[in-house]
Amino acid sequence: MSINLTERILGSDASIAHSSIIKYDFLWQAIEKISDIISSVIDNLGSDFEKIDEGVYVFRGITIPSSVKIEGRAVICEGAELRHGAYLRGEVIIGRGAVVGNSCEIKHSILYDHACVPHFNYVGNSILSEGAHLGAGAVISNLKINKSSVKVSLNSEKIDTGLRKMGAIVGAHAEVGCGSVLNPGTLIFPNALIYPLSSVRGTIPEASIYKRDGEIIKRNL
């Protein structure tokens, strides 16, 4: 995946980790190397962040509810909101103004600034770009049912990522409807809209609408 295509699908540089992410030729390599990315981010954090636990860094002034569980390393940026019962597991970056809501689990993933995962969502081994939004109950599956390596569909070609676990890459300001499932290896370009209760796989073009029967039409913005 060229840098131009990487920037097209992310649609934004609004992340404390963006400069580290775009160093990789393929976005799924960034997912594989999230641990290295977090190490780089932590090494360059300024005095505005405080260490509240081993490997956990929070922008000063953010209140973490007692019901929130954080395991492993995490970076929580300015204005981020962690709501009741949120669970951060593994290597996680939560961007500025991003929301992780009630009973949501984020694992081995990066949320860009203002990404919103507000109600009963699971996000595993994924990247959500600026302003991406998951409706209530929408989940990102990161493991195929037969546990084989995840393949990505791009330009009529299936690319084997070599990853056993990969969720989705969701572009800037994309909207995923309530109760939808993004299957492993899904790529959603910016400003796409996914109908509620959809099962999505493959690549969803920019500014398009994905209907529940798999039909894709142009979105009028």
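Biologist: In this predicted model, which backbone oxygen does the side chain of Ser-109 reach, and at what distance?

Modeller: The side chain of Ser-109 reaches the backbone oxygen of Lys-107 at 2.8 Å. A polar atom of that same serine side chain also lies 3.0 Å from the backbone nitrogen of Ser-126. Ser-109 itself is found in strand β8, which spans residues 105–111.

Biologist: Is Ser-109 buried or exposed?

Modeller: Buried means under 20% relative accessible area. Ser-109 has 0% relative accessibility and therefore counts as buried. Beyond its neighbours within four places in sequence, Ser-109 is in contact with residues including Ile-34, Val-92, Val-123 and Ser-126.

Biologist: Which residues touch the most other members of the largest nonpolar core?

Modeller: They are Leu-88 and Leu-128, in a core of 70 residues. Helix α4, residues 34–43, gives the largest share of this core, namely five residues. Leaving aside neighbours within four places in sequence, Leu-88 is in contact with Ile-70, Ala-74, Ile-94 and Ile-106, among others.

Biologist: How many disulfides does the count give?

Modeller: A disulfide is a covalent bond between the sulfur atoms of two cysteines. The criterion is a pair of cysteine sulfur atoms within 2.5 Å, and here the count comes to zero.

Biologist: Why is there no bond from Cys-77 or from Cys-178?

Modeller: The closest cysteine sulfur to that of Cys-77 is in Cys-116, 16 Å away, and therefore too far for a bond. For Cys-178, the closest cysteine sulfur is likewise in Cys-116, at 11 Å, which is also too far. As to accessibility, Cys-77 counts as buried at 3%, whereas Cys-178 counts as partly exposed at 41%.

Note on methods
Residues numbered from 1 in each chain as written. Predicted model: local features only at pLDDT ≥ 70, side-chain atom pairs only at ≥ 80, totals over all residues. Heavy atoms only, no water. Helix = DSSP H or I, 4+ residues; strand = E, 2+ residues; numbered from the N terminus. Buried < 20%, exposed > 50% of the residue type's maximum accessible area, 1.4 Å probe, protein only. Polar contact = N/O pair within 3.5 Å; in protein donor to acceptor, adjacent residues only side chain to side chain. Contact = heavy atoms within 4.5 Å. Core = buried A, V, L, I, M, F, W, Y, C linked by side-chain atoms within 4.5 Å.
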